[in-house]
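Below is a colleague's note on the structure, set out as numbered points. It takes the overall make-up, then the helix contacts, then the hairpin and some individual loop residues.

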Amino acid sequence: MCYMPGMLDFSKKDSDLSKFYSFYNNTAYYHYLNNHEIVMRMHLVFEILDGLYEPEMADRKLFDLLLKYDDENYRRITPYIIYFILKRSGVMFDLAACENCGTTDETHTVAEKGLYCDTCASQLDISGFCDKESAYIIKSMSNSALYRNITVNRKQELQVLKALAEYSAQVMEKPLKSLKTVLSII
Ligand SMILES: [Zn+2]
């Protein structure tokens, strides 16, 4: 899969090649291609988008979010966009309650199937992808005003992306091709 900024004319669908011939490059978005950090993350975002959204589903808010990428915010915005896609698709796990027992206390473990409290995590022997700080970053996503002021460092981004991407892969029932590469080079 390859990320290219441009516009696709969905009204031209008379042949199998329509998606190729009705694609127009938009140079206004080319600055993304000059930033390797953003391009790499876009591969992962679009692979998840491809797996969860209906083909050609319009989502203006998602488009606006993608346009917010800049040279400073990519560590913070990438996990948020994945969260947004999961939420919009109706499959995001509960950010407040334990997946197993439903308690809202001490929920610090983010695993492949969602969020767990400390007691269940230890009983079920689930280690999770995130430390407490990274779990807090994910839990903050339900409050966009709070999340906007959060800083995400490289270590946290790796944990948060892995957690959300592994959860997405589990929902999509197929591994994400771009995940290993993205995590190894960002
Ligand atoms: Zn629990």
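1. On the relation of α3 to α9: these two helices are roughly parallel to each other, because their packing angle of about 25° falls under the 35 degrees below which an angle counts as roughly parallel. Helix α3 covers residues 36-52 and helix α9 covers residues 154-172, and their axes are 10 Å apart. The crossing that α3 and α9 make is left-handed. On the α3 side the contact involves L44, I48, G51 and L52, and on the α9 side it involves A165, S168 and M172. Sorted by class, this contact of α3 with α9 has five nonpolar residues and two polar ones, with no charged residue.

2. On the status and general make-up of the model: this is a predicted model, and what follows should be read in that light. The protein chain has ten helices and four strands, and the order of its elements from the N terminus is β-α-β-α-α-α-α-β-β-α-α-α-α-α. Of the 186 residues in the protein chain, 27% are buried. Among the contacts in the protein chain with a separation of 6 or more, 52% are between residues 24 or more positions apart.

3. On α7 and α9: helix α9 also packs with α7, here at an angle of about 60° and with the axes 9 Å apart. The two helices are therefore oblique to each other, and α7 passes α9 in a right-handed crossing. From α7 the contact draws on E133, S134, I137 and I138, while α9 contributes Q156, Q159, V160 and A163. In the contact of α7 with α9, four residues are nonpolar, three are polar and one is charged.

4. On α4 and α5: what is the angle at which the axes of these helices cross? The axes of α4 (residues 60-67) and α5 (residues 74-88) cross at roughly 175° and come within 11 Å, so that α4 is roughly antiparallel to α5. The residues that make the contact are L62, L65 and L66 of α4, together with I81, F84, I85 and R88 of α5. By class, the contact of α4 with α5 has six nonpolar residues, no polar residue and one charged residue.

5. On the β3-β4 hairpin: strand β3 (residues 107-111) and strand β4 (residues 114-117) pair in the antiparallel sense over four bridges, and the hairpin that joins β3 to β4 does so through two residues. Within this pairing, T107 stands opposite C117 in β4, and A111 has G114 in β4 as its bridge partner. Is β3 mostly covered or mostly uncovered? Strand β3 is mostly covered, since four of its five residues are buried.

6. On Y29: this residue is found in the loop between β2 (23-25) and α2 (31-34). Y29 counts as partly exposed because it has 15 C-beta neighbours inside 10 Å, a number between the limit of 12 or fewer for an exposed residue and that of 20 or more for a buried one. Y29 and L67 are 38 residues apart in sequence, and their C-alpha atoms are 8.5 Å apart in space.

7. On D125: most residues other than glycine have a negative phi. The phi of D125, however, is near 55°, a positive value in a residue other than glycine, and a reviewer may wish to look at this position in the display. D125 is placed in the loop between α6 (118-123) and α7 (132-139), and it counts as exposed because it has 6 C-beta neighbours inside 10 Å.

8. On E173: here too phi is positive in a residue other than glycine, with a value near 60°. E173 has its place in the loop between α9 and α10 (179-185). With 7 C-beta neighbours inside 10 Å, E173 is therefore counted as exposed.

Technical notes. Residues are numbered from 1 along each chain as its sequence is written. This is a predicted model: local features need pLDDT of at least 70, side-chain atom pairs count only at pLDDT 80 or more; totals for chains, interfaces and linings use all residues. Axes are lines fitted to C-alpha atoms, for helices over the stretch in contact, and angles run from 0 to 180 degrees between N-to-C directions. A crossing is left-handed if the near helix is turned anticlockwise from the far one by less than a right angle, and right-handed if clockwise. Two residues are in contact if their C-beta atoms, placed from the backbone, lie within 7 Å. Ala, Val, Leu, Ile, Met, Phe, Trp, Tyr, Cys and Pro count as nonpolar, Asp, Glu, Lys and Arg as charged, and the others, Gly among them, as polar. Two strands pair if DSSP finds at least two bridges between them. Angles under 35 degrees count as roughly parallel, over 145 as roughly antiparallel, 65 to 115 as roughly perpendicular and the rest as oblique.
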